[in-house]
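Here is a short report for a reader who is new to this structure. It starts with the order of the elements and then turns to sheets, helices and single residues.

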Amino acid sequence: AAANFNDPTAKAIVGFLEELLVIDANDQSWLDAGRRYSSYLLAQNDKLGDLMKSADFGIQSFERRAAVTPSYPDTGVGSVLASVAKFAELFKGKKMETTRQVYNELNLPVEKVKFYFDEDESAGTLRTFALLGFILESIDMGHTLVIDELDSSLHTHLLQKIVRLVQNIQSNPRAQLIFTTHDTNLINGDL
């Protein structure tokens with residue numbers, strides 16, 4: 001009510017809350033849309049693919065799909081949500097493949113194997129892919145991203161890498177990541 005009466009403090013709080021993107025990392029519909037949106041980002045540049053490869057999943061490459069970029073407003077959380085919805089439809093039913101190296105008992109490379117991403121990759125890999133799209137978009141747009149249960153299905157080292165990515169002032173001068181976790185390893189002075 002105070003925001004309706006032009007109270008500057010209330011207007012600032014309402015403005016901040018309107019810019020939040022809140023994700024429940026255990027909500028399958030968010031993760032499905034996030035994977036499709038991440039597929040779009042992957043088709044646009046290598047940043048997300050490089051992050052996925054550096055996460056030590058054993059993924060060597062992604063088969064990237066060309067995508068038509070729909071037009072959408074480029075500011076505000078509403079545009080991120082609209083983008084997710086549009087890209088979810090754009091990539092619905094499309095398959096993405098990853099390539100992995102297979103090694104023998106002497107740890108020598110033997111062959112490369114293709115995986116259907118949505119069907120063959122682990123829950124943690126799929127969840128990471130979905131969340132990284134939202135995280136990278138928040139960094140690029142300078143938004144605050146709120147994720148409930150960020151640590152669900154993710155390894156501690158990967159969580160630390162994500163937190164460091166958001167904390168890196170060179171790559172992220174404005175965005176914030178607010179999250180809940182049960183991983184006590186994230187609560188230390190090094191992060």
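From the N terminus on, the elements of the protein follow the order α-β-α-α-β-α-β-β-α-α-β-α-β. That string holds seven helices and six strands. The model is a predicted one.

**The chain as a whole**

The protein has 191 residues, and 41% of them are buried. About 10600 Å² of the protein is exposed. Carbon and sulfur atoms supply 52% of that area. Now take the contacts with a separation of 6 or more. Residues 24 or more positions apart account for 67% of these.

**Two sheets**

Strands of a sheet pair through backbone hydrogen bonds, and the pairing is either parallel or antiparallel. The table sets out the two sheets of this protein.

| Strand order | Form | Pairing | Average angle between neighbouring strands |
|---|---|---|---|
| β2-β3-β4 | open, three strands | antiparallel | 25° |
| β1-β5-β6 | open, three strands | parallel | 20° |

Start with the sheet in the order β2-β3-β4, whose pairing is antiparallel. Which strands stand at its edges? They are β2 (59-62) and β4. Each has a single partner strand, so one side of each is left without a neighbour in the sheet. The strands β2 and β3 run antiparallel and are joined by three bridges. In this pairing, Ile59 stands opposite Arg100 in β3.

The other sheet has the order β1-β5-β6, with parallel pairing. Its edges are β1 (21-24) and β6 (176-179). Here too a single partner strand serves each edge strand, so one side of each lacks a neighbour in the sheet. Four bridges join β1 to β5, and these two strands run parallel. Asp24 stands opposite Asp148 in β5.

**A helix pair**

Two packed helices are described by the angle between their axes and the distance between the axes. Helix α6 covers residues 123-141, and helix α7 covers residues 156-167. They pack at an angle of about 10°, with their axes 11 Å apart. Angles under 35 degrees count as roughly parallel. α6 and α7 are therefore roughly parallel to each other.

Which residues meet in this contact? From α6 come Thr128, Leu132, Ile135, Leu136 and Ile139. From α7 come Leu158, Ile162, Leu165 and Val166. Eight of the contact residues are nonpolar, one is polar and none is charged.

**Two residues with positive phi**

Most residues other than glycine have a negative phi. Asn107 has a positive phi, near 65°. Asn107 sits in the loop between β3 (97-103) and β4 (109-116). Is Asn107 buried or exposed? Asn107 is exposed, with a relative accessible area of 56%.

Glu149 has a positive phi as well, near 65°. Where does Glu149 lie? Glu149 belongs to the loop between β5 (144-148) and α7. Its relative accessible area is 22%, so Glu149 is partly exposed.

**In brief**

The protein has two open sheets of three strands, one with antiparallel pairing and one with parallel pairing. Helices α6 and α7 pack with their axes 11 Å apart. Asn107 has a positive phi, and so does Glu149.

Key: Residues are numbered from 1 along each chain as its sequence is written. This is a predicted model: local features need pLDDT of at least 70, side-chain atom pairs count only at pLDDT 80 or more; totals for chains, interfaces and linings use all residues. Side-chain values use heavy atoms; hydrogens and water are left out. Axes are lines fitted to C-alpha atoms, for helices over the stretch in contact, and angles run from 0 to 180 degrees between N-to-C directions. Angles under 35 degrees count as roughly parallel, over 145 as roughly antiparallel, 65 to 115 as roughly perpendicular and the rest as oblique. Contact means heavy atoms within 4.5 Å. Ala, Val, Leu, Ile, Met, Phe, Trp, Tyr, Cys and Pro count as nonpolar, Asp, Glu, Lys and Arg as charged, and the others, Gly among them, as polar. Buried means under 20% relative accessible area, exposed over 50%, partly exposed in between (1.4 Å probe, protein chains only). Accessible areas come from the Shrake-Rupley method with a 1.4 Å probe; for residues, only the protein chains shown count as cover. Two strands pair if DSSP finds at least two bridges between them.
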